[in-house]
Amino acid sequence: MHMGEALAVSVASIRSNILRSSLTLLGVVIGVMTIIATMSIIKGLQNMINSEMQGLSTGVFQVQLYDVQIGDGGHRRREFRPKIGQKEVRAIEENVSLASVVAEEIWKWGATVKFENQATNANIQIAGGVPGFVFNNGQNIERGRDLTEQDVQFGRPVCVLGSAVASKLFPYRDPIGDYVFLNGQRALVVGILEEKGSMMGADHYSNFVLVPIKTFINWWGSERSWNITVRVQNPERIDEAIEQAIAAMRVARGLKPGEENNFGIFYSNQLIETFNDMTRWIQFAAFGIASISLLVAGVGIMNIMLVAVTERTREIGVRKALGARRASIMGQFLLEAVILTELGAMVGVGIGIGAAYLLGNSVDLPIAIPVWTIVTGIVFCSAVGLIFGTWPAWKASRMDPIVALRYE
């Protein structure tokens, strides 16, 4: 039997038992759909985080009080860390020779900004910073100006608004030169930050206000710990600069050899690595679910093929009586098993892509379809068809033609 004829016979056999075939393929569909949908969402998130982190803070790291980590392990041990302040800033400025810009910052969360009869929700972040803050955090001034050294030195009541704050309070006018109230404190608007897209459609620096760090301390005190962002002259030497910063911080904070650091270092690659570690377990789980589904589907395919062999016993006997070889009969039933699984794979790919885009659009998640997942799904399904179709095909090829012709 030629390949084209074998293919036609296989398709006709599947179509004659469409309901039974469809139920059998559920496991294949679920397995492939799980892999495609999960990997598409994870790949989209990875692409977004890689592009945003590398674009926002290339060659920049931040010294902060706590480490970036998953979970809450060790939090109780670290909660009494001494605050970071001006002493540490001076230590980094004097000892990190690879740094081009050192910018300290201090944060306040849950603030309200008002202008006349307009007010934001109490979810605004206010940062006290210096002129290098905008540059080190990968932001740009869209209108007006940045903070100046004189603003910081004299503690001037000026501010730079995030794009969302400016749009909320000044929908029909330019806010530059107007006064706003930051939790009751009056400040002159001197600049507006450029709007940037970000994770889940939210821009971290849109619901945000920047004031000079001395002004911040005058208004809300200095009991908070500072962060220190450091931009490296040569981004390729960021690891060396981090080592210099760690040494400077340890000396400034009086740490003895062998003592653990009582501060944290954050940089973009660290966040990317942390995210990849988190998603790696999700990928393992997705492949586990898919493997179980394909195993169940394989058992179902073997059963349906055994039934097909039994139903077509006389056909097998006639073909063997007319001179069909064992390899030809075995190949036909293996082809039928592979076609069955490939149909499930194609349906699973389609549903998986559709589910990924549906979920992505509903919660504003980026989606990227990795081609390798489609190829892997198809290859795995072919393997399932071959492995679980081998026994029924071998059984059909070994039939005695005389016994098969007498089968009722």
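**Exercise 1. Find which residue follows helix 12, and state the sign of its phi.**

Solution. Helix 12 is followed by Gly 323, and the phi of Gly 323 is positive, near 105 degrees. Helices here are DSSP runs of H or I with at least four residues, strands are runs of E with at least two, and both are numbered from the N terminus. The model is a predicted one: local features need pLDDT of at least 70, side-chain atom pairs count only at pLDDT 80 or more, and totals for chains, interfaces and linings use all residues. Residues are numbered from 1 along each chain as its sequence is written, and side-chain values use heavy atoms, with hydrogens and water left out.

**Exercise 2. List the buried residues of helix 12 and work out where they sit around its axis.**

Solution. Step one is the cut-off: buried means under 20% relative accessible area, exposed over 50%, and partly exposed in between (1.4 Å probe, protein chains only). Step two is the list for residues 313-321: Thr 313, Ile 316, Gly 317, Arg 319 and Lys 320 are buried. Step three is the arc, taken from the directions from the helix axis to the C-beta atoms. The buried residues cover an arc of only 165 degrees, so they are on the same side of helix 12.

**Exercise 3. Describe the chain as a whole and say where the model is least certain, element by element.**

Solution. Start with the count of elements: the chain has 15 helices and 12 strands. Of its 408 residues, 47% count as buried. Next come the contacts (heavy atoms within 4.5 Å). Among those between residues at least 6 apart in sequence, 79% join residues at least 24 apart.

Then turn to pLDDT, the predictor's confidence in each residue, from 0 to 100. The chain averages 83, and 86% of the residues score at least 70. Among the elements, strand 7 (residues 158-161) has the highest mean pLDDT, 97, and helix 4 (residues 75-78) the lowest, 49. Over residues 70-76 the pLDDT is below 50, and this stretch has three contacts beyond near neighbours in sequence. Where pLDDT is low, the predicted coordinates should not be read in detail.

**Exercise 4. Trace the salt bridge of Arg 143 and state which parts of the chain it ties together.**

Solution. A salt bridge is a side-chain nitrogen of Lys or Arg within 4 Å of a carboxyl oxygen of Asp or Glu. The structure holds eight salt bridges. In one of them Arg 143 pairs with Asp 174, with the closest N and O atoms 3.6 Å apart. Arg 143 lies in strand 6 (residues 141-144) and Asp 174 in the loop between helix 8 (163-169) and strand 8 (179-182), so the pair ties together parts that are 31 residues apart in sequence. Arg 143 is partly exposed at 31% relative accessibility, as is Asp 174 at 43%. To finish, add Glu 142, which is linked with Arg 143 and Asp 174 in a network of salt bridges.

**Exercise 5. For the salt bridge between Asp 178 and Arg 173, decide whether Asp 178 is buried or exposed.**

Solution. The closest N and O atoms of the pair are 2.8 Å apart. Asp 178 has 16% relative accessibility and counts as buried. Its partner Arg 173, at 43%, counts as partly exposed.
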